[in-house]
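Me: I am new to this structure and would like to learn how to read it. Where should I begin?

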Amino acid sequence: MLTDEVICLTMKKIEELKWGEFKILDIFTISPGIRLTKADMLEGNTPFIGATDSNNGITTFCGNDNASRDKNVLGVNYNGSIVENFYHPYSALFSDDVKRLHLKDTKGDKYIYLFIKQCILKQKQKYEYGYKFNGERMKEQIILLPICDNGNPDYNFMKEYMKQVEKKLLTRYKNYLHSNEQMNLNGEKMGGAEMKVCKWKEFDVKAVFPKIMRGKRLKTDDHIVGSMPYVSSSAMDNGVDNFISNNQGVRIFDNCLTIANSGSVGATFYHPYSFVASDHVTSLVNDKFNKYIYLFAGNVTSRLSEKYSFNREIKDSRLQREKIMLPVNDNDEPNLEYMKDYMRRVEYCMINRYINKRLNNLK
């Protein structure tokens, strides 16, 4: 529970606090990651943490297991994007370019880790590729932390301060969301009365999506590590199976749906970003669709999974013959406005529910 005293304290300028110097080794146990080559990686859903400055340090997903598996920890790069660090509340494997930092004298807490993350990151400017943040330098690196009267790190302040930061951001987002609640959707306010029920009609998939194209085969051994999503037939993580940098002999799409034609047959996802598509997915494109229409249509096309299985794939010829149900307007054409407004309403309700839940947890 956030007391008035703590809230008052956290609203002070952080520079007004007492600060103390601490070696990283004084407050953390430091554990290494383990080298795992691309050739030895198995397909799977475990995050693999490498020396990158994006995607929370996740460079790929794998099915391996080793002694580097860890969670509720800071992963700090000492190669690549030196000093960059991320908090990992989930179970992950760590490469040999990343050190795992566990707090020694206090129970590891999300908010404490997020506070100290920024303190460590402030040391980034003194290191570079030729002057690495290696294991010994990491141990001796001094960081500044707020302290209690006894000179120990004030972990309670760190936790409550970051809670207030989160609360402030969530409240700002909630206010923005509510200001847009007044946006008129076909004469109705967001969150107001239910939208009018539409008629539905059957359409050929090829009529709804004029551009249908399967991805292209790319063997795992040919993957080049990078930052572009590689979408395959997984039913998890929006279909993203890896992050690669291949740009030759591949098919790249963006702003479209993919439907898995094998594996998790029928799994459908919307991709607003550029991605490489494997031959296990087929892209569905309609240039008139926006994000919300794609999301609506994606829920409809995903129901094709009920007809197929791992042993009965959605071949191109079968997909061309498939039909889906969509709401229609007075001209018996797909009612794009209805689909867009319906999904905007769903998005609004889900975000609002999430923010309220997070804010309640901070009380």
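Reply: Begin with the idea of a core. A nonpolar core is a set of buried nonpolar residues joined through side-chain atoms within 4.5 Å. Keep in mind that this is a predicted model. Here the largest nonpolar core has 43 residues, and F209, Y294 and L326 have the most contacts inside it. Helix α7, residues 291-301, gives the most to this core, with six residues.

Me: What does F209 touch, leaving out residues up to four places away in sequence?

Reply: The list for F209 is L257, L284, V285, N286, F289, Y294, A297, T301 and I324. Another core, of 34 residues, lies apart from the largest one, and I27, I112, F133 and M138 are among its members.

Me: How do I place these cores within the whole chain?

Reply: Look at the totals. The protein chain has nine helices and 21 strands. Of its 363 residues, 45% count as buried. For contacts between residues at least 6 apart in sequence, 69% join residues at least 24 apart.

Me: How should I read a single helix, such as α5?

Reply: An α-helix has 3.6 residues a turn, so residues three or four places apart point the same way. Helix α5 covers residues 155-179, which is 25 residues. From first C-alpha to last, α5 reaches 36 Å, close to the 36 Å expected at 1.5 Å a residue.

Me: Which residues of α5 are buried?

Reply: They are Y155, F157, M158, E160, M162, K163, Q164, E166, L170, K174 and L177.

Me: How do I find empty space in a model?

Reply: Rolling a probe the size of a water molecule over the atoms shows where empty space is left. In this structure the largest pocket has a volume of about 910 Å³. Its lining is made of 42 residues, with M41, T60, F61, H223 and N242 nearest the centre. Three elements each give two or more residues to that lining: β4 (58-62), β14 (225-231) and β15 (240-244).

Me: How many residues of that pocket lining are nonpolar, polar and charged?

Reply: The lining of the largest pocket divides into 13 nonpolar, 20 polar and nine charged residues.

Me: And what about closed spaces?

Reply: A cavity is a space where the probe fits but cannot get out. The count is one cavity of 30 Å³ or more, and the largest cavity has a volume of about 30 Å³. The residues G44, N45, F61, S234, M236, D237, V240 and D241 line this cavity. By class, its lining has three nonpolar, three polar and two charged residues.

Methods:
Residues are numbered from 1 along each chain as its sequence is written. This is a predicted model: local features need pLDDT of at least 70, side-chain atom pairs count only at pLDDT 80 or more; totals for chains, interfaces and linings use all residues. Side-chain values use heavy atoms; hydrogens and water are left out. On a 1 Å grid over the protein atoms alone, a cavity is a set of points where a 1.4 Å probe fits but cannot get out, and a pocket is an open set with protein on both sides within 12 Å along at least five of seven lines; lining residues have an atom within 4 Å of a point. Grid points are joined across faces, edges and corners, and a volume is the space filled by probe spheres set on the points. Ala, Val, Leu, Ile, Met, Phe, Trp, Tyr, Cys and Pro count as nonpolar, Asp, Glu, Lys and Arg as charged, and the others, Gly among them, as polar. Helices (H or I, at least four residues) and strands (E, at least two) are DSSP runs, numbered from the N terminus. The expected span of a helix is 1.5 Å times one less than its number of residues. Buried means under 20% relative accessible area, exposed over 50%, partly exposed in between (1.4 Å probe, protein chains only). Contact means heavy atoms within 4.5 Å.
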